[in-house]
Amino acid sequence: MSIRRILMSLSTGLAVLALSLTPAGPARSAGSAADGARMDLPAPDKKGGMPLMQALAERRSTKSGYTGAPLSAQELSNLLWATWGMNRPDGRRTAPSAMNRQEVAVYAVLENGVWRYDAAGHALIRVLDGDHRRAAGGGSLVLLYAAPEDRWSGMHVGSLYQNAGLYCASAGLGNYVHASGVSALDGKLPLPDGWRVLIAQTVGLTK
């Protein structure tokens with residue numbers, strides 16, 4: 001075999017080896033439409049709302065009577081910040097997590113797509129086009145809570161949806177937590193391996 005053919009074979013083998021060692025990117029369904037559109041939210045109003053004890057007294061589940069009308073940008077901002085926003089310069093959140101792991105992703109299912117909440121930028125990033133609210137639970141929007149399937153996730157997610165529920169009580173919005181609809185977007189959300197949507201929360205204006 002000529003030296004040239006030996007070098008060509010060696011080059012091909014090295015290319016194949018490099019490809020085999022390249023880390024795979026996050027799995028993403030062919031049906032997802034992650035255009036990456038960004039929706040910057042107004043700064044949350046951290047001084048408004050009713051006193052905590054009154055909000056606790058008003059907190060309840062509302063399972064019907066939703067108008068489907070969208071929340072204002074300020075209401076959406078306040079809701080997401082209350083649920084899982086950053087409230088300290090070191091990046092810690094409005095809800096606790098064991099060892100500050102922060103392993104929860106919040107998705108807002110809106111009339112114009114499904115959006116992932118980016119707490120660091122206080123913005124929404126679109127990961128899926130279309131209106132999926134009815135399949136996920138109706139209302140003005142549905143919050144989907146995704147997390148790893150491990151022993152901590154239930155505690156983490158529970159803290160978040162309680163925050164959201166208290167904000168809704170304070171703001172006069174309806175909400176309820178439900179397992180129905182959690183599988184509506186299976187295979188479409190760009191979740192890390194081992195993560196899934198654990199619970200959903202319908203939020204909205206009511207009649």
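The largest pocket in this predicted model holds about 480 Å³ of space. Its lining is made of 18 residues. Nearest the centre lie Gly48, Ala82, Leu166, Tyr167 and Ser170.

Three helices each supply at least two residues of this lining: helix 2, helix 3 (73-84) and helix 5 (153-171). Helix 5 gives the most, with five residues. By class, the lining of the largest pocket counts nine nonpolar residues, six polar ones and three charged ones.

Now turn to the second largest pocket. Its volume is about 170 Å³. The lining here has 14 residues, and Val104, Ala105, Val106, Arg116 and Tyr117 are the closest to the centre. Strands contribute to this site. Strand 2 (105-110) and strand 3 (113-118) each supply at least two lining residues. The class count for the second largest pocket is ten nonpolar, one polar and three charged.

Helix 2 deserves a second look. This helix spans residues 52-58 and contains Leu56. Helix 2 also supplies at least two residues to the lining of the largest pocket. On the surface, Leu56 joins Leu52 and Met53 in a nonpolar patch. Together the three residues have about 340 Å² of accessible area.

Is Leu56 itself buried or exposed? Neither label fits: Leu56 counts as partly exposed, because its relative accessibility is 40%. Buried means under 20% and exposed means over 50%, so a value in between is called partly exposed.

Methods. Residues are numbered from 1 along each chain as its sequence is written. This is a predicted model: local features need pLDDT of at least 70, side-chain atom pairs count only at pLDDT 80 or more; totals for chains, interfaces and linings use all residues. Side-chain values use heavy atoms; hydrogens and water are left out. Patches are made of residues with over 30% relative accessible area and no salt bridge: like charges are joined within 9 Å, nonpolar side chains (Val, Leu, Ile, Met, Phe, Trp, Tyr) within 5 Å. Accessible areas come from the Shrake-Rupley method with a 1.4 Å probe; for residues, only the protein chains shown count as cover. A salt bridge is a side-chain nitrogen of Lys or Arg within 4 Å of a carboxyl oxygen of Asp or Glu. Helices (H or I, at least four residues) and strands (E, at least two) are DSSP runs, numbered from the N terminus. Buried means under 20% relative accessible area, exposed over 50%, partly exposed in between (1.4 Å probe, protein chains only). On a 1 Å grid over the protein atoms alone, a cavity is a set of points where a 1.4 Å probe fits but cannot get out, and a pocket is an open set with protein on both sides within 12 Å along at least five of seven lines; lining residues have an atom within 4 Å of a point. Grid points are joined across faces, edges and corners, and a volume is the space filled by probe spheres set on the points. Ala, Val, Leu, Ile, Met, Phe, Trp, Tyr, Cys and Pro count as nonpolar, Asp, Glu, Lys and Arg as charged, and the others, Gly among them, as polar.
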